[in-house]
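Okay everyone, thanks for coming. Let's pull up the structure and walk through a few residues together.

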Amino acid sequence: MFYTTVAGWMLQYFVDMAAGKFVGADATRINGIYDEMLANPTRLTIYMVIVVLIGIGVCSIGVQKGVERITKVMMIALIIIMVILAANSIFLDGGSEGLKFYLIPNFDTMKKIGVVDVIVAAMNQAFFTLSLGMGCMAIFGSYVKKDRSLMGESVNVAVLDTFVAFTSGLIIFPACFAYGVEVDNGKSLIFKTLPNIFNNIPLGRLWGSLFF
């Protein structure tokens, strides 16, 4: 249910971005739009139900004709857009501080929090981000051809997952520092930082709609 709920947020942001709701909004207003979304349970529920119905529709077509065909196009498109956004974020004014925060380890902070706690938190994140992948591997394993190696497919999943996560950081953290968004906002970061980026790039409304 977590994934269907957040996918509902994504669908809302697609509609709002396409409708021009974010055009001209500053960082404060963008934060307000996110808070307004969470304060409207009826709208949240409607979009979550739409996401579930879309998922049922895709799955009803079949694994290969539905799920595989659609996700191949969508995931490739998403990765291309993410690479473009990462390149843009890196060169934002003030973005260099975000890169330092993201890429340079702060061992003093690790000691203060506790090295073991940091390692456990990293392991929890790894388990969380790959847990859905484990389920997919179990479900789709019966569709893998005999000449494909499960070890090779597992490596592909881990590499692609890490690439997407790393690229997401290159997009989000420089944008946080460039637009004054707190980096500890958790799951809301993507919704509070990306509209700022889209508002400041050519054809941002189109890129934003495609991304969400």
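So, isoleucine 90: is this residue buried, exposed or partly exposed? Its relative accessible area is 30%, and buried would need a value under 20% while exposed would need one over 50%, so isoleucine 90 counts as partly exposed. Keep in mind that we're looking at a predicted model. You'll find isoleucine 90 in helix H4, which covers residues 63–90. From isoleucine 90 to phenylalanine 127 is 37 residues in sequence, and the two C-alpha atoms are 28 Å apart in space.

Now stay in the same helix, because leucine 85 is also found in H4. Leucine 85 has a relative accessible area of just 3%, and since that is under 20%, we call it buried. What does leucine 85 touch, if we skip residues up to four places away in sequence? The answer is Ile171, Ile197, Phe198, Ile201 and Phe211. As for alanine 122, it sits 37 residues from leucine 85 in sequence, with 25 Å between the C-alpha atoms.

That brings us to the core. The largest nonpolar core has 33 residues, and Leu85 is one of those that touch the most other members, along with Tyr13, Phe191, Ile197, Phe198, Phe211 and Phe212. Which helices each supply at least two residues of this core? They are H1 (2–19), H2 (27–38), H4, H8 (150–179) and H9 (189–199). H8 gives the largest share, six residues. As a general point, nonpolar side chains in soluble globular proteins tend to be buried together.

Let's look at isoleucine 197 for a second. Apart from neighbours within four places in sequence, isoleucine 197 is in contact with Leu85, Asn88, Ser89, Ile171, Ala175 and Tyr179.

Okay, out to the surface. Here Val49, Val52, Leu53 and Ile56 make up a nonpolar patch, and together they have about 330 Å² of accessible area. Valine 49 belongs to helix H3, residues 41–61. With a relative accessible area of 38%, valine 49 is partly exposed.

Last stop, the cysteines. A disulfide is a covalent bond between the sulfur atoms of two cysteines. How many disulfides do we count here? Zero, going by a cut-off of 2.5 Å between the sulfur atoms. Cysteine 59 is exposed, at 52% relative accessible area, whereas cysteine 176 is buried, at 1%.

And that's my tour, thanks!

Definitions and conventions. Residues numbered from 1 in each chain as written. Predicted model: local features only at pLDDT ≥ 70, side-chain atom pairs only at ≥ 80, totals over all residues. Heavy atoms only, no water. Helix = DSSP H or I, 4+ residues; strand = E, 2+ residues; numbered from the N terminus. Buried < 20%, exposed > 50% of the residue type's maximum accessible area, 1.4 Å probe, protein only. Patch = residues over 30% accessible without salt bridge, like charges linked within 9 Å, V, L, I, M, F, W, Y side chains within 5 Å. Areas by Shrake-Rupley, 256 points an atom, 1.4 Å probe, with all protein chains shown as cover. Salt bridge = Lys/Arg side-chain N within 4 Å of Asp/Glu carboxyl O. Contact = heavy atoms within 4.5 Å. Core = buried A, V, L, I, M, F, W, Y, C linked by side-chain atoms within 4.5 Å.
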